[in-house]
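Reader: I have a structure to read, and pockets and cores are new to me. Can we go through them together?

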Amino acid sequence: MREAQRAGYALLLQLQATQAWRDFPEPTSPAPAPAVEGSAVRDLLPPQLRVPSRQEVAGLMMRWEQPLVVDGEIRTCPGCGAYRDWIVFCMRDDSIWLRCRAGHETKEPGLDAASYNRNSGPVNRFHRTLEEGLRHLGH
């Protein structure tokens, strides 16, 4: 799916670069702003108020208490057979991993980062370690 999106986006960029748009004048580059001596661009927020970017964290996690249904099938833990009360991880590489209450972890190829984002709420806390995050989520 992701490859198809990238290919479609590449085609769109190619079309936009070669298409002559009749009703719109060609863009002109704005005149450069005069340089001001001693001026430095300052960040909007001070460091203590910034949150880490997606690439600065190992992944995201959320609790999923009800049975997890992927492609019409209820997912069960291959280690213990549990089918509810999961911790769902979305890793930096966009892979999805499931962890049951017993601590068994398995990769879930039927889910992706987009499905994680559709079902997760806003990030409300960052944890320094995996164990700290699991304790926060009750595991």
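Reader: Which element gives the most to the lining of the largest pocket?

Author: Start by asking which helices and strands supply the lining. This model is predicted. Here S1 gives the most, with five residues.

Reader: How much space lies in that pocket?

Author: About 740 Å³ lies in the largest pocket. Its lining has 30 residues, and the closest to the centre are Gly59, Leu60, Met61, Arg125 and His127. Strands S1 (59-64), S4 (86-91) and S5 (96-99) each give two or more residues to the lining, as do helices H2 (113-119) and H3 (130-136).

Reader: How do the lining residues divide by type?

Author: Sort them into three classes. The lining has 16 nonpolar, nine polar and five charged residues.

Reader: Now the core. Which residues of the largest nonpolar core touch the most other members?

Author: Look for buried nonpolar side chains that touch one another. This core has 14 residues, and Trp64, Leu68, Trp86, Val88 and Tyr116 touch the most other members. S1, S4, S5 and H2 each give two or more residues to the core.

Reader: What does Val88 touch?

Author: Leave out residues up to four places away in sequence. Val88 then touches Leu60, Met61, Met62, Trp64, Ile96, Trp97, Leu98 and Tyr116.

Reader: How many helices and strands does the whole chain have?

Author: Three helices and six strands. From the N terminus, the order is α-β-β-β-β-β-β-α-α.

Reader: And what share of the chain is buried?

Author: Of its 139 residues, 19% are buried. The accessible surface is about 11,200 Å², with 55% belonging to carbon and sulfur atoms.

Key. Residues numbered from 1 in each chain as written. Predicted model: local features only at pLDDT ≥ 70, side-chain atom pairs only at ≥ 80, totals over all residues. Heavy atoms only, no water. 1 Å grid on protein atoms, 1.4 Å probe; cavity = no way out; pocket = protein on both sides within 12 Å on 5 of 7 lines; lining within 4 Å. Points joined across faces, edges and corners; volume = space filled by probe spheres on them. Helix = DSSP H or I, 4+ residues; strand = E, 2+ residues; numbered from the N terminus. Nonpolar A, V, L, I, M, F, W, Y, C, P; charged D, E, K, R; others polar. Core = buried A, V, L, I, M, F, W, Y, C linked by side-chain atoms within 4.5 Å. Buried < 20%, exposed > 50% of the residue type's maximum accessible area, 1.4 Å probe, protein only. Contact = heavy atoms within 4.5 Å. Areas by Shrake-Rupley, 256 points an atom, 1.4 Å probe, with all protein chains shown as cover.
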